[in-house]
Amino acid sequence: MVSRELTGDDGRDGPGAGPGPGPAESGTEGGLDGEVFVRWLRLAADEVERAADRLTELDSAIGDADHGGNMRRGFQAVREGLAEDGPRSPGAVLTTAGRTLVSTVGGASGPLYGTLLRRAGKALGDAERVPGAELARALRAGVDAVAQLGGAAPGDKTMLDALVPAVDALEKSGGTDFGAARTAAEEGAAATEPLRARKGRASYLGERSIGHRDPGATSSALLIAALDRAVYGDTEGDD
Amino acid sequence: MLINVPESVVPDALRGMAAAHPELTVDVERRVVLRRDAPVAGKVALVSGGGSGHEPLHGGFVGPGMLDAACPGEIFTSPVPDQMVSAAAAVDSGEGVLFVVKNYTGDVLNFDMAAELAEDEGVRVAKVLVEDDVAVTDSTFTAGRRGTGATLFVEKIAGALAAEGAPLERVEAVARQVAGDSRSFGVALSPCSTPDKGGPTFELPPGELEMGVGIHGEPGRERRAMMTSGEIADAALDAILDDLRPDGPVLALVNGMGSTPLVELYGFCAEVHRVLGERRIPVARTLVGNYVTSLDMAGASVTLCRADEELLRLWDAPVRTPGLRWGA
């Protein structure tokens, strides 16, 4: 059983997102269907849209000031792709979205986010419903693929500093506690601030990258927050 | 800025290229620049690409004796794999394709994915990574040396060998040789401004310069008070020769970053020759001009490449592109 109480969530999603939508309706009991995944990506597109300027601002401190724009372009294309097709399996939704990101974002974040979703989607296969534990395993496969592609590890001041703790938390709860994953991702992103970048363009700054939050870890935390909201039935962004 | 809107800077430039260069096929939709006569039968094809804002690199180097195709990304943003896959398919004659990739995380990842996808479609792909910027010393703790001026050497020399009908393995080998034997160092006298931001992407007060700047304005080794052209040449060549140690003649590129006038670049070229003369390093060929630029940045870079006779022969071979042409 999953409930808001168990996740320790404080209802920060605002009214309607409290304990109301129970697990039977939209939690992980009986598995998550394709609709949850569509909702996840729409909410992620909303989050990215809202945070785009902030992502660019973070990126102009230690990168090249294009992360917000690139992510916005990519998730806009994902949203358009979702509108075109009817219901699909969770795996197909993620795989398609991953391909779209690869084809539209460019830079490093296109291949990295694209790989995350594609690899997770492939791991889910074509099942119509996916238990939470299965999703945790699929996300682990996606995150491992990102680490391999980017040659990075946690502590390098990258997306992984949000994604790895999120997947750890989700796995630890047997794929039930999405709120814990979200908290872990947000804490992980915040914890990149004192780190020195070792990968990507920020690495050229060396010591000067210290004191700035990593834009990739920040956008990764948005993605996990959107997943938490989608699993618990938050429908904002369904349009 | 001389633009319409920031979003259309790259497609607008491509439409202009198409208008000015009927010898090229410019596909604005797919964002690829191709030789009009591609695929050239029996020839290995060269494909490069990267973020826009470094013109004439790469689109300006498409033509006989150099690249078969270029894939321009958004300003300072690497292209997406679809561009390289479509370029590779359009220029492959069956002899295979060499990807020339500058060492930036985004370029490397997108070209890697493109190589896999193109191979799935039956195109034989080899890759060469250009990483010549000696300003990045700490490569264990960074994404590694950036690809800058040596890209022109690799594209010209490997392009000449491909034009002679050499097989993919040999074209790849000479590209690796040139990439491995080239080193660069750049300085910025002013920051560059991206259309998206509408202003400078980094702070560089007048009267100061960034020693070892990257071609996107990445920070270099240190910030210094303004120096003379001669002092800059001394410092740049110290950094390069610390690493390269040529035992014979070199090819030299004295490159402008975008808004430094040629009269200053030639003055700087004289200083570069003076330093090399003092070090008893013969300069076999010199190219001066704006070739690997950073939008409107003021400043210059020097690239040296160890050159044997075969490399010089390939350097001198005919080339006919919008950005570089001789002997043809």
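Let me start with one term: a residue counts as buried when its relative accessible area is under 20%. With that in hand, hello everyone, and thanks for coming. What you see above is a predicted model, and I'd like to walk you through chain A, then the place where chain A meets chain B, and then a few spots in chain B.

So, chain A. How much of it is buried? Of its 239 residues, 57% count as buried. Its secondary structure comes to 10 helices and two strands. If you follow the sequence from start to end, the order reads α-α-β-α-α-α-α-β-α-α-α-α. Now think about contacts in chain A between residues with a separation of 6 or more: 71% of them join residues 24 or more positions apart.

Let's turn to the interface. Here 27 residues of chain A are in contact with 28 residues of chain B. Which residues of chain A lose the most area to chain B? They are A:R198, A:R201 and A:Y204, and together they make up 30% of what that side buries. For the interface between the two chains, the buried area is about 2100 Å², with carbon and sulfur atoms giving 58% of that.

What about polar links across this interface? The rule finds five residue pairs in polar contact, both partners at pLDDT 80 or more. Three helices of chain A, namely α4 (67-84), α5 (90-104) and α6 (109-124), each supply at least two residues of the side that touches chain B. The largest share, four residues, comes from α6(A). By type, the residues on this side of chain A divide into 10 nonpolar, nine polar and eight charged.

The rule also finds one salt bridge across the interface. Who are the partners? The side chains of A:R201 and B:E218 meet there, at 3.9 Å from N to O. You may remember A:R201 from a moment ago, as one of the residues of chain A that lose the most area to chain B.

Let's stay with B:E218 for a bit. You can find B:E218 in the loop between β10 (208-211) and β11 (222-225) of chain B. Is B:E218 buried or exposed? Its relative accessible area is 4%, which is under the 20% cut-off, so B:E218 is buried. Beyond its neighbours within four places in sequence, B:E218 is in contact with A:R201 and A:Y204 from chain A, and with B:Y104, B:R146 and B:V213 from chain B. There is a link to the backbone as well: a polar atom of the B:E218 side chain lies 3.3 Å from the backbone nitrogen of B:I215.

Another loop to look at in chain B runs between β6 (125-130) and α4, and B:V134 lies in it. B:V134 is buried too, with a relative accessible area of 2%. Setting aside neighbours within four places in sequence, its contacts include B:R183, B:S184, B:F185 and B:I240. For a sense of distance, B:V134 and B:P191 are 57 residues apart in sequence and 20 Å apart in space, C-alpha to C-alpha.

Last stop: helix α4 of chain B, residues 150-163. Why is 20 Å the expected span? The helix has 14 residues, and at 1.5 Å a residue they should span 20 Å; the end C-alpha atoms are 20 Å apart, so the two agree. This helix is mostly covered, with 13 of its 14 residues buried. Just after α4(B), B:G165 takes a positive phi of about 90°.

That's my tour, and I'm happy to take questions.

Conventions: Residues are numbered from 1 along each chain as its sequence is written. Chains are lettered from A and ligands numbered from 1 in the order in which they are written. This is a predicted model: local features need pLDDT of at least 70, side-chain atom pairs count only at pLDDT 80 or more; totals for chains, interfaces and linings use all residues. Side-chain values use heavy atoms; hydrogens and water are left out. Contact means heavy atoms within 4.5 Å. Buried area is the accessible area (1.4 Å probe) that two parts lose on being put together, summed over both. A salt bridge is a side-chain nitrogen of Lys or Arg within 4 Å of a carboxyl oxygen of Asp or Glu. A polar contact is a pair of N or O atoms within 3.5 Å; within protein, one must be able to donate a hydrogen and the other to accept it, and residues adjacent in sequence count only if both atoms are side-chain atoms. Ala, Val, Leu, Ile, Met, Phe, Trp, Tyr, Cys and Pro count as nonpolar, Asp, Glu, Lys and Arg as charged, and the others, Gly among them, as polar. The expected span of a helix is 1.5 Å times one less than its number of residues. Buried means under 20% relative accessible area, exposed over 50%, partly exposed in between (1.4 Å probe, protein chains only).
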